[in-house]
Amino acid sequence: MADCIFCKMVNKEINTNIVYEDDDILAFRDIAPKAPVHVLIIPKKHISDMTKITEEDSKIIGKMHLAAVKIAKELGIAETGFRLVNNCLGDSGQEVMHIHYHLVGGRPLGDFVD
Ligand code: AMP
C-alpha cells in the first residue's frame with residue numbers, strides 16, 4: 001500500500017530500529033515507547049486490521065506470535081513477563097491501519113484497560 005507508513009518500513013523507505021526480520025515479519029521499536037521494551041510486530045503483507053485476516057493469513061499470524069516470544073527472550077522480558085496487544089479499529093484506538101502487535105514489557109504493566 002503506497003500510503004501506508006508500515007509498508008514503507010517493510011520496503012525500507014523509512015528508517016526504523018529493526019529488532020527482528022524474516023520473510024514474512026518485521027519487528028521494530030515503537031517511536032513513542034510506553035514501557036522499557038515496546039516493539040511493534042507486523043506482517044510484511046498489508047492487512048489493515050484484525051477483522052480482515054483470512055484462513056490463508058493464519059500462518060503469518062502464528063509466526064507473529066513466535067516472533068514475539070523470540071524477541072521477548074532476546075530483549076530479556078520472557079522471564080519477567082510481557083503483554084502482546086492488538087488494537088483493532090475505532091474503539092481500540094488503532095492509529096496505523098496495518099495490522100500490528102505491540103510487545104510491551106520491562107516494568108509492571110498494571111490493569112489491562114486504562
Ligand atoms: P496503534 O494505536 O495500535 O495503531 O499503534 C500505532 C503505534 O505506531 C503507536 O504506538 C505509534 O507510536 C507507533 N508508530 C507510529 N509511527 C511510527 C514510526 N515511524 N516508527 C515506529 N513506531 C511508530
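Helices and strands here are DSSP runs, a helix having at least four residues and a strand at least two, and they are numbered from the N terminus. With that in hand, welcome to this predicted model. Helix α1 gives the largest share of the shell around the ligand, three residues. The ligand itself sits in the largest pocket. Strand β3, residues 37-43, is mostly covered, and this briefing also visits a few single residues.

**The ligand and its surroundings**

- There are 16 residues around the ligand, and those that come nearest are Asp 30, Asn 87, Glu 95, His 100 and His 102.
- Two of these residues can be followed down to single atoms: a polar side-chain atom of Asn 87 lies 2.8 Å from an oxygen atom of the ligand, and a polar side-chain atom of His 102 lies 2.8 Å from an oxygen atom of the ligand.
- On its own the ligand has 510 Å² of accessible area, and the protein covers 86% of that.
- Two elements, α1 (5-10) and β2, each give two or more residues to the shell around the ligand.
- The backbone takes part too: a polar backbone atom of Ile 31 is 3.1 Å from a nitrogen atom of the ligand.

**Strand β3 and its partners**

- If you look for β3 at residues 37-43, you will find that seven of its seven residues are buried.
- Both faces of the strand are covered, with Val 37, Val 39, Ile 41 and Pro 43 buried on one side and His 38, Leu 40 and Ile 42 buried on the other.
- Strand β2, residues 25-29, pairs with β3 in the antiparallel sense, over five bridges.
- To see one place where β2 and β3 meet, find Leu 26, whose bridge partner in β3 is Ile 42.
- Strand β5, residues 101-105, is also joined to β3 by five bridges, and these two strands run antiparallel.
- An example from this pairing is Ile 41, whose bridge partner in β5 is Tyr 101.

**A closer look at Leu 40**

- Leu 40 has its place in strand β3.
- Leu 40 counts as buried because its relative accessibility is 6%, and the cut-off for buried is under 20%.
- Phe 6 is 34 residues away from Leu 40 in sequence, while the two are 10.0 Å apart in space, C-alpha to C-alpha.

**Asp 22 in its loop**

- Asp 22 is found in the loop between β1 (18-21) and β2.
- With 19% relative accessibility, Asp 22 counts as buried, since the limit is under 20%.
- The side chain of Asp 22 makes a polar contact with the side chain of Tyr 20, at 2.6 Å.
- That Asp 22 side chain also reaches the backbone nitrogen of Ile 25, at 2.8 Å.

**Gly 110, after the last strand described here**

- Gly 110 has its place in the segment after β5.
- Gly 110 counts as exposed because its relative accessibility is 55%, and exposed means over 50%.
- From Gly 110 to Val 37 there are 73 residues in sequence and 15 Å in space, C-alpha to C-alpha.

How values were computed:
Residues are numbered from 1 along each chain as its sequence is written. This is a predicted model: local features need pLDDT of at least 70, side-chain atom pairs count only at pLDDT 80 or more; totals for chains, interfaces and linings use all residues. Side-chain values use heavy atoms; hydrogens and water are left out. Buried means under 20% relative accessible area, exposed over 50%, partly exposed in between (1.4 Å probe, protein chains only). Two strands pair if DSSP finds at least two bridges between them. A residue is near a molecule or strand if one of its heavy atoms lies within 4 Å of it. A polar contact is a pair of N or O atoms within 3.5 Å; within protein, one must be able to donate a hydrogen and the other to accept it, and residues adjacent in sequence count only if both atoms are side-chain atoms. Accessible areas come from the Shrake-Rupley method with a 1.4 Å probe; for residues, only the protein chains shown count as cover. On a 1 Å grid over the protein atoms alone, a cavity is a set of points where a 1.4 Å probe fits but cannot get out, and a pocket is an open set with protein on both sides within 12 Å along at least five of seven lines; lining residues have an atom within 4 Å of a point. A molecule sits in a cavity or pocket if more than half of its atoms lie within 2 Å of its grid points.
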